[in-house]
Number of protein chains: 4
Amino acid sequence: MVVVMQEGAAEESIQNVINRLMGMGFDIHRSTGARQTVLGAVGAKVDFDTRDIELLEGVDEVLRITAPYKLASRHFRPEGTVVTVGRDVTIGGPEVVVMAGPCSVENAAQIDSIAASVAASGARILRGGAFKPRSSPYSFQGIGHHGLELLRQAADKHNLCAVSEVMDQTQIPMMLDYVDMLQVGARNMQNYNLLRELGKVAKPVLLKRGISATIEELLLSAEYIMAGGNYNVVLCERGIRTFDSYLRNTLDIAAIPVIQKLSHLPIVVDPSHGTGRRDKVAPMARAALAAGADGLLIEVHNDPDKALSDGAQSLFPERFEQLMKELRIIAPAVGRKV
Amino acid sequence: MVVVMQEGAAEESIQNVINRLMGMGFDIHRSTGARQTVLGAVGAKVDFDTRDIELLEGVDEVLRITAPYKLASRHFRPEGTVVTVGRDVTIGGPEVVVMAGPCSVENAAQIDSIAASVAASGARILRGGAFKPRSSPYSFQGIGHHGLELLRQAADKHNLCAVSEVMDQTQIPMMLDYVDMLQVGARNMQNYNLLRELGKVAKPVLLKRGISATIEELLLSAEYIMAGGNYNVVLCERGIRTFDSYLRNTLDIAAIPVIQKLSHLPIVVDPSHGTGRRDKVAPMARAALAAGADGLLIEVHNDPDKALSDGAQSLFPERFEQLMKELRIIAPAVGRKV
Amino acid sequence: MVVVMQEGAAEESIQNVINRLMGMGFDIHRSTGARQTVLGAVGAKVDFDTRDIELLEGVDEVLRITAPYKLASRHFRPEGTVVTVGRDVTIGGPEVVVMAGPCSVENAAQIDSIAASVAASGARILRGGAFKPRSSPYSFQGIGHHGLELLRQAADKHNLCAVSEVMDQTQIPMMLDYVDMLQVGARNMQNYNLLRELGKVAKPVLLKRGISATIEELLLSAEYIMAGGNYNVVLCERGIRTFDSYLRNTLDIAAIPVIQKLSHLPIVVDPSHGTGRRDKVAPMARAALAAGADGLLIEVHNDPDKALSDGAQSLFPERFEQLMKELRIIAPAVGRKV
Amino acid sequence: MVVVMQEGAAEESIQNVINRLMGMGFDIHRSTGARQTVLGAVGAKVDFDTRDIELLEGVDEVLRITAPYKLASRHFRPEGTVVTVGRDVTIGGPEVVVMAGPCSVENAAQIDSIAASVAASGARILRGGAFKPRSSPYSFQGIGHHGLELLRQAADKHNLCAVSEVMDQTQIPMMLDYVDMLQVGARNMQNYNLLRELGKVAKPVLLKRGISATIEELLLSAEYIMAGGNYNVVLCERGIRTFDSYLRNTLDIAAIPVIQKLSHLPIVVDPSHGTGRRDKVAPMARAALAAGADGLLIEVHNDPDKALSDGAQSLFPERFEQLMKELRIIAPAVGRKV
């Protein structure tokens, strides 16, 4: 922490701040300038509230100089983390991993048909929701437990891994029987009781960024999971809220290289939720790959017009197949393969 | 829903849209203009995705014309809702109800001292957290169950009601033994499993607006609770995220009259979390009252410098006493009393 | 500036940063901790780009420790500035000054009628646009020069001062013949050529905050005017853009006490543009006063339904009269009078 | 415009709204449902304020159904516009046009050296500022008129076109002698007096999106220029303001396909201002191309550490050369060439 004293702050105020900082466990470096005194407070502490100092007499400004996360920081593992999903899918390595499937698992025929086509096009992980967080209580809420069974069967049949969303901590034990990776939705990014329990799990977690979360907050949420011992966290950019209402969200493509600098965790992108419209998914999937994403999460439906949720953002299987071809052209520009 | 067709859209496209809308259960009113055809789709449906129509051939734009919430709407109870907390505190009536207390319950002496002083100054409800949602896993997370016992004792002793935050649905049964109103924090505003369970509870719920939630989303979250049968919901504005970083959040004072027009539910304001700094709490509390708020939620601590959480935004008891006097001057300007 | 080096940064990198900072004219204080080195760079410089240092080898983070503005800072005039408009209206003193009038001057009868009523209700300054910045080229753009003549006549007849918006620097000399204060609109807050010329003018400037400007950016724009020698700047909060679309803008009431801490310049509030709806103007005007504003800018029209611009946010004269009464109840709570 | 009446609105209120709409020049289509009446108001009018109707008795909601711009709309030229810059550079055709150069023209040697290298790497247009809008009055403000002479000389020598920023309408005639395209900066996107004058100019305009402007507002600003008769407008996405502070701005890559759907005007992207950091420019340039941008605007400096402005976001010539190679790999994925 750096504490900037006001110009002309009294020596008594400065001593008071120093005492307070030392009481909090910091070592103090004092720089007395011609006009202003600056105090550097260093130490191993990661949890403190800079506002406590900001309100003291004579203080002009307080700046935090260390990130509030440790385990999620790039410093912790400069070489980067490769997360293994299922037996042999690795996220964060040379291959850009494509996860595809419907928004919701609806029935056996639907999920099997979609799994077959996305597997044929090159996807490695099958996505599909069984429990759906919906902003209206009157919307379709997913088919529940049975959806997980169907997802698992389809994934096994077509040699795919499976990922699905967990909505609260009571669902974790049950879900572990069916999925290879547990997804935390954007609205749950700061559901700390859920994150804490996921820290005890032996399977990877796909953590989606909240729609108005900063990157620091995303990394702090990853820290909650890692602090419990589960280091297999895959981050997911899925669009933030901005002023333009044409699309549902604004996909923050620049978050990809920013996160790769700040953290060692892999970062994947969901252009389906990130745009909310089928015709914008392919351009944004290509953009994400070109910017260096470690993976993509794409909604595909065999009959989007009849989808029970988010059909508007689901690709037809043919468009998905075409997109995979476009991605294969781009991948060498970033030294990757799809 | 209103569907605006593109200029020159083919009759076949128009018929296709009409068929699709009728298939969704709507009655259609068609307006054929010189340049554009406009379709009005009316019916009792509240759950549909306008994007499904937006993507059809020939469609220019689709506009939702009914709010996606019903029970939370002002139409549902034009006269407004008065929520009774405990035996005799009413929110939404002529009295502006002040809820005060520490961010976290720390120990018996602390909560008793604060309860005594806020009761003396005119507060009616004692607030205090036992379970704290914190963005860092390394921050103080509350003293837990015992905090609820201490809160209840202090409230009873000083003739106050008690409110405290519930973090997930598994905590509800236990909390009902101790509090008169259950608080849902901003980060949990869209924790639907929690909201759904609160719909079955016989005590009022204080629902805080998420930091980037729209007012419509807040009312949809209230709808989740109400759809379960619990109509005693008090809404709380506690600051939204904007670009200015000087304060933690930007208190959206205008949300007070807007919500009062859109909904029948009472709306209270939390200027402590809404600003994050003690010296900004009183101006914003006065502003909230002057704009017509039904209540205030204010953090008060007997020794803020040593508070285990959010001391920086807690008022000293003396400043709280002074603030209550200022509020009593303002109240007649809005036809209320404090 | 404080430069935080990465953990384990090489001594060579540290020296390189020190040399670069010294080359920029800073004095350097070095704090070598067990894990990290922190460099404090102090000096009189106000113009530098922290990113130049941020990109150097071994640098973790760079923090600016001095505000980039000087003349607009509270330090420059701790006692606060009182701006005199016309002969005897003072903004920033004990009286909360109300400026009222139509969005646009339309004709002699209109502006005279409105001036008469707002003067009778207690307004001190008459507002009215002659040149209107409109987001559509097809909207009414104001009646121009003649509008200024009418505004001046009405102001003089009813013993009011006059304020009107200047849209570019070529209009300044002409406008000085008619107005007592020149208004810079939100869209022009960063029109630097205009601000620079206003620095040479002998009349006060009413500077509106841009809809997504930070407070620091607002103060930097004030600094442009002050750097030219004109210290009579009145700041105006008029709403910022946020995610909620119910109202045009979100009035940032908390900006009032924040600006009063950071700057010595008076701060007034425009609840008409800040909400865009007549029925929300009075609650927000009351809130602004209760939070400590030095003045209010309120649109009043004698026939809002026929107003050529922004009729929807204009008060009827009777409602304005009523609002003034409400404000007089509240003023003593903040030690002011209206 | 569609007017949704409240449930149970009185027939008198409905008639009143109809009369008002007809008085505004609209034809009315009335849909009387079981619960609600909906009025469709159609006509050629583009300028009206929906709030005027919103405030009438019995009105629930008012929705605009036509875009407020016409000339900038895709409907106006479904085939798309190709803008010719100078003699032979075309933006909006099969070639993705790269514009490169320093933030500011500093001296003859600098601009000549940069022009030589970017031309050799494949850029077609030379960028360089002579007048710089800076948020601080103490920052370098450009070398002025002489900078334009140097820019023109360097462009001619290396067979490039030239683009530079115009800060107000008084500069237009002078600038036309030196540049092939006039750039309007983000802060001036709503400087209507400037836009209006640019509508009379015979050279193309590069119009940058404001940092918190919606796409509709950007298109309305283009409409201002086009309404004056100059249809050669190139739109530029250069980053919007969001909550994350790691980068200066958030480049809204999805704006590319959105604008291509809504408008016929070409859209280019500026990843230098859009990120503010050199190491993020290449990923975002690649992403913009992969998403379908018609051109790129990239800052390149021969000695970024000594640049007088924005050195931190300027590429070294070698990195620019490398980036052009990466772009050539990606271009076929979108059916373009670089």
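## Exercises on a predicted model

Seven salt bridges are counted between chain B and chain A in this predicted model.

**Exercise 1. Describe the extent of the interface between chain B and chain A.**

*Solution.* Begin with the residues in contact: chain B contributes 52 residues and chain A contributes 52 residues. Next, take the area. About 4,200 Å² is buried between chain B and chain A, and carbon and sulfur atoms give 45% of it. Within chain B, the residues that lose the most area to chain A are B:Arg51, B:Leu55 and B:Tyr138, which together account for 17% of what that side buries.

**Exercise 2. Determine which residue of chain A forms a salt bridge with B:Arg51, and characterise the polar contacts of the interface.**

*Solution.* The partner of B:Arg51 is A:Asp310. The closest N and O atoms of the two residues are 2.7 Å apart, and the cut-off for a salt bridge is 4 Å, so the pair qualifies. For the wider interface, 33 residue pairs are in polar contact between chain B and chain A, both residues being at pLDDT 80 or more.

**Exercise 3. Identify the elements of chain B that give two or more residues to the side touching chain A, and the composition of that side.**

*Solution.* The elements of chain B concerned are α2 (51-54), α6 (192-198), α7 (215-227) and α10 (278-290). Of these, α7(B) gives the most, with five residues. Sorted by class, this side of chain B has 17 nonpolar, 15 polar and 20 charged residues.

**Exercise 4. Classify the aromatic pair of B:Tyr192 and B:Tyr224, and locate its two residues.**

*Solution.* A pair of aromatic rings is described by the distance of the centres and the angle of the planes. For B:Tyr192 and B:Tyr224 the centres are 4.5 Å apart and the planes stand at 20°. Planes under 30 degrees apart count as stacked; therefore this pair is stacked. B:Tyr192 lies in helix α6 of chain B and B:Tyr224 in helix α7 of chain B, 32 residues apart, and the pair thus links distant parts of the chain. Both B:Tyr192 and B:Tyr224 are buried.

**Exercise 5. Describe the pair of C:Tyr192 and C:Tyr224 in chain C.**

*Solution.* The rings of C:Tyr192 and C:Tyr224 are stacked, with 4.5 Å from centre to centre and 20° between the planes. C:Tyr192 belongs to helix α6 (residues 192-198) of chain C and C:Tyr224 to helix α7 (residues 215-227) of chain C, so the pair ties together parts 32 residues apart in sequence. C:Tyr192 and C:Tyr224 are both buried.

**Exercise 6. State which residues form one aromatic cluster with A:Phe243.**

*Solution.* The cluster consists of A:Phe243, B:Phe243, C:Phe243 and D:Phe243.

Terms used: Residues are numbered from 1 along each chain as its sequence is written. Chains are lettered from A and ligands numbered from 1 in the order in which they are written. This is a predicted model: local features need pLDDT of at least 70, side-chain atom pairs count only at pLDDT 80 or more; totals for chains, interfaces and linings use all residues. Side-chain values use heavy atoms; hydrogens and water are left out. Contact means heavy atoms within 4.5 Å. Buried area is the accessible area (1.4 Å probe) that two parts lose on being put together, summed over both. A salt bridge is a side-chain nitrogen of Lys or Arg within 4 Å of a carboxyl oxygen of Asp or Glu. A polar contact is a pair of N or O atoms within 3.5 Å; within protein, one must be able to donate a hydrogen and the other to accept it, and residues adjacent in sequence count only if both atoms are side-chain atoms. Helices (H or I, at least four residues) and strands (E, at least two) are DSSP runs, numbered from the N terminus. Ala, Val, Leu, Ile, Met, Phe, Trp, Tyr, Cys and Pro count as nonpolar, Asp, Glu, Lys and Arg as charged, and the others, Gly among them, as polar. Rings of Phe, Tyr and Trp (its six-membered ring) pair if their centres lie within 6.5 Å; planes under 30 degrees apart count as stacked, over 60 as edge-to-face and the rest as tilted. Buried means under 20% relative accessible area, exposed over 50%, partly exposed in between (1.4 Å probe, protein chains only).
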